[in-house]
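Here are some short exercises to work through with the model open beside you. Try each task before reading its solution.

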Amino acid sequence: MKFIYPILALLAAAPAAEAQSVKFTTEEYPPYNYREGDGYGGAGYEQVVEMMKRAGIDYTVELMPWARAIALAESEPDHCVFTTAHIPERDARFKWIEPLAIDRNFMVFKQGSGVEPANADEAKAYIVGTQRDDYTQSLLERQNFPKIDLATNLDLTLKKLLAGRIDLMPLSEKYYMQLKAAGNPIKAAFVFSTQTFSIACNIAFPEDLHERMQAALSEMIEDGTQSAILAAHGLGGLGDTTDELQ
């Protein structure tokens with residue numbers, strides 16, 4: 001029995017050890033999260049890496065389509081997803097660690113298309129495209145947009161916009177600026193929304209881990225680490241905006 005007892009003790013301890021490992025999911029959404037060589041990069045990803053280092057918690061990160069990424073975080077107790085807009089429809093469905101950033105969302109059209117609404121009411125006359133299960137889908141539905149076109153990812157939605165298959169699409173201000181700098185013929189019509197980008201963890205996620213992760217992120221904000229990461233990716237500090245629409 002003296003040999004069996006240590007084995008049983010190790011087996012009993014295994015679930016507890018496993019529970020201390022966090023599985024993060026995310027999507028291709030530059031400049032917040034993206035593939036970089038054999039690994040990942042981005043302002044959201046780098047904050048998660050630093051946060052988990054400070055919290056002293058083991059973790060993995062996997063990039064995948066957004067619908068699957070957020071579904072895993074909602075269904076699996078040890079999963080969290082980033083960079084996630086904290087909107088009312090999602091509030092009670094997750095435990096939140098925030099903020100990773102605060103961003104505006106522009107309603108965007110193709111230059112030369114003749115489509116340039118001044119506000120959301122005017123935009124409702126057009127076909128608006130977005131990514132399925134993205135927070136912008138919830139925003140459009142909440143505001144009763146009648147013609148919503150859903151695609152599997154933002155790249156496909158952008159292709160539809162440039163091909164004239166849809167008239168408008170909402171885009172994060174930072175991603176919009178990146179696409180425009182790359183030469184895409186797009187223009188912002190108006191500010192569609194302002195949102196906090198966060199980490200969303202399963203509602204049953206262990207509270208001790210949740211508190212340690214939030215404490216680590218708060219420390220990063222306080223000591224300037226977050227601002228440095230955002231600046232390194234061409235992003236302003238919390239609440240900063242561009243004068244794109246001014």
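Helix axes here are lines fitted to C-alpha atoms over the stretch in contact, with angles from 0 to 180 degrees between N-to-C directions. Helices (H or I, at least four residues) and strands (E, at least two) are DSSP runs numbered from the N terminus. The model is predicted, so local features need pLDDT of at least 70 and side-chain atom pairs count only at pLDDT 80 or more, while totals for chains, interfaces and linings use all residues. Residues are numbered from 1 along each chain as its sequence is written, and side-chain values use heavy atoms, leaving out hydrogens and water.

**Exercise 1.** Describe how α2 and α8 cross.

Start with the geometry: the axes of α2 (residues 43-55) and α8 (residues 207-222) come within 8 Å, crossing at roughly 115°. Next, the hand of this crossing is right-handed (near helix turned clockwise from the far one by less than a right angle; anticlockwise would be left-handed). Then list the contact residues (heavy atoms within 4.5 Å): α2 supplies Gln-47, Glu-50, Met-51, Met-52, Arg-54 and Ala-55, and α8 supplies Arg-212, Met-213, Ala-216, Leu-217, Glu-219 and Met-220. Finally, sort them by class: 7 are nonpolar, 1 is polar and 4 are charged (Ala, Val, Leu, Ile, Met, Phe, Trp, Tyr, Cys and Pro are nonpolar; Asp, Glu, Lys and Arg charged; the others, Gly among them, polar).

**Exercise 2.** Examine α2 by its length and its buried residues.

First, the 13 residues of α2 reach 18 Å from first C-alpha to last, close to the expected 18 Å (1.5 Å times one less than the number of residues). Second, the buried residues of α2 are Ala-43, Gly-44, Tyr-45, Gln-47, Val-48, Met-51, Met-52 and Ala-55 (buried is under 20% relative accessible area, exposed over 50%, partly exposed in between, with a 1.4 Å probe and protein chains only). Third, step just past α2: Gly-56 has a positive phi of about 70°.

**Exercise 3.** Is Pro-88 buried or exposed, and why?

Locate Pro-88 in the loop between β5 (79-85) and β6 (94-110). Pro-88 counts as exposed because its relative accessibility is 61%.

**Exercise 4.** Judge the predictor's confidence along the chain.

Begin with the average: mean pLDDT (confidence in each residue, from 0 to 100) is 89, and 88% of residues reach 70 or more. Now look at residues 1-18, where pLDDT is below 50 and the model has 0 contacts beyond near neighbours in sequence. Residues 237-243 also fall below 50, with 12 such contacts.
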